[in-house]
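Student: I have a new structure open and no idea where to begin. Could you walk me through it, one question at a time?

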Amino acid sequence: MNTLLFGLFLIQSTSLYAQDPMKAASNVYKKILLDNDKVRVMEVVFAPGVTTAWHSHPNHSVYALTSGKIQITDKGKPAATIDVKMGTALYLPAVTHMAKNIGTTTLKLIVTEIKPAKKM
């Protein structure tokens, strides 16, 4: 259950793909590592106490570079607290959410968004 909720933190609907998922949260560090027609790979760094704005992701995977504690709130659902373990890798479906680092450590993640196939 925690694994699924952790994934919901990083998900966006494909209709909102053009929206930068972390742009509205200037206090969340994001570096684009790869961006092509198939995927966008980002390093995301959350300091303790930082909260993201509401955002979305398409289907994606997440890899935790560090451990930490995060509170995820999906649209229309109550907040859930997740203990993120370093080395965890997840595949997650699209969703809209916000997140807060409620732990005492900086959380570092690699997020790989899977871009929708282009129609011919």
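Tutor: Sure, and keep in mind that this is a predicted model. Let's start with a charged pair: E113 forms a salt bridge with R40, and their closest N and O atoms are 2.9 Å apart. E113 sits in strand β9 and R40 in strand β2 (residues 39-46), so the pair ties together parts that are 73 residues apart in sequence.

Student: Is R40 buried or exposed?

Tutor: The cut-off for buried is under 20% relative accessible area. R40 comes out at 8%, so R40 is buried.

Student: And what is the relative accessible area of its partner, E113?

Tutor: E113 belongs to strand β9, and E113 counts as buried too. Its relative accessible area is 0%.

Student: Which side chain makes a polar contact with the side chain of E113?

Tutor: We already have E113 in a salt bridge with R40. There is also a polar contact from the E113 side chain, at 2.7 Å, and the side chain on the other end is that of H57.

Student: How far apart are the C-alpha atoms of E113 and A94?

Tutor: Along the chain, E113 and A94 are 19 residues apart. In space, the separation of their C-alpha atoms is 9.4 Å.

Student: How many salt bridges does a search of the whole structure find?

Tutor: One is the pair you've just met, E113 with R40. Another joins the side chains of K115 and D35, at 2.4 Å from N to O. K115 lies in the segment after β9 (107-114) and D35 in strand β1 (residues 29-35), so this pair ties together parts that are 80 residues apart in sequence. For the whole structure, the search gives a count of two.

Student: Which residue of the K115 and D35 pair is buried, and which is partly exposed?

Tutor: Buried means under 20% relative accessible area, and partly exposed runs from there up to 50%. K115 has 18%, so K115 is buried. With 46%, the partly exposed one is D35.

Student: Let's zoom out to the strands. What is the order of the open sheet of five strands?

Tutor: The pairing in this sheet is antiparallel. At the edges stand β1 and β7 (89-92), each with a single partner strand, so one side of each is left without a neighbour in the sheet. On average, neighbouring strands here are turned by 20° against each other, ignoring direction. Reading across, the order is β1-β2-β9-β4-β7.

Student: What is the bridge partner of Y63 in β7?

Tutor: Strand β4 (residues 60-64) runs antiparallel to β7, and four bridges join them. One bridge pairs H60 with L92 of β7. For Y63, the partner in β7 is A89.

Student: Which residues make up the uncovered face of β7?

Tutor: The strand has two faces, and L90 and L92 are on the covered one. That leaves the uncovered face to A89 and Y91.

Student: There's another open sheet, with four strands. Which are its edge strands?

Tutor: Its strands come in the order β3-β8-β5-β6, with antiparallel pairing. Neighbouring strands in this sheet are turned by 45° against each other on average, direction ignored. The strands that pair on one side only are β3 (55-57) and β6 (80-84).

Student: What is the bridge partner of D74 in β8?

Tutor: Five bridges join β5 (residues 68-74) to β8 (residues 95-101), and the two strands run antiparallel. Across from D74, the partner in β8 is H97.

Student: Which backbone nitrogen does the side chain of N101 reach?

Tutor: N101 has its place in strand β8 and is buried, with a relative accessible area of 1%. Its side chain reaches the backbone oxygen of A47 at 3.4 Å. At 2.9 Å, that side chain also reaches the backbone nitrogen of G103.

Student: Last one, about rings. Which residue lies over the face of W54?

Tutor: If you go looking for aromatic pairs, the count is zero. W54 does have a charged neighbour over its face, though, at 4.5 Å from the ring centre, and that residue is K75.

Terms used: Residues are numbered from 1 along each chain as its sequence is written. This is a predicted model: local features need pLDDT of at least 70, side-chain atom pairs count only at pLDDT 80 or more; totals for chains, interfaces and linings use all residues. Side-chain values use heavy atoms; hydrogens and water are left out. Two strands pair if DSSP finds at least two bridges between them. Axes are lines fitted to C-alpha atoms, for helices over the stretch in contact, and angles run from 0 to 180 degrees between N-to-C directions. A salt bridge is a side-chain nitrogen of Lys or Arg within 4 Å of a carboxyl oxygen of Asp or Glu. Buried means under 20% relative accessible area, exposed over 50%, partly exposed in between (1.4 Å probe, protein chains only). Rings of Phe, Tyr and Trp (its six-membered ring) pair if their centres lie within 6.5 Å; planes under 30 degrees apart count as stacked, over 60 as edge-to-face and the rest as tilted. A charge sits over a ring if NZ of Lys or CZ of Arg is within 6 Å of the ring centre and within 35 degrees of the ring normal. A polar contact is a pair of N or O atoms within 3.5 Å; within protein, one must be able to donate a hydrogen and the other to accept it, and residues adjacent in sequence count only if both atoms are side-chain atoms.
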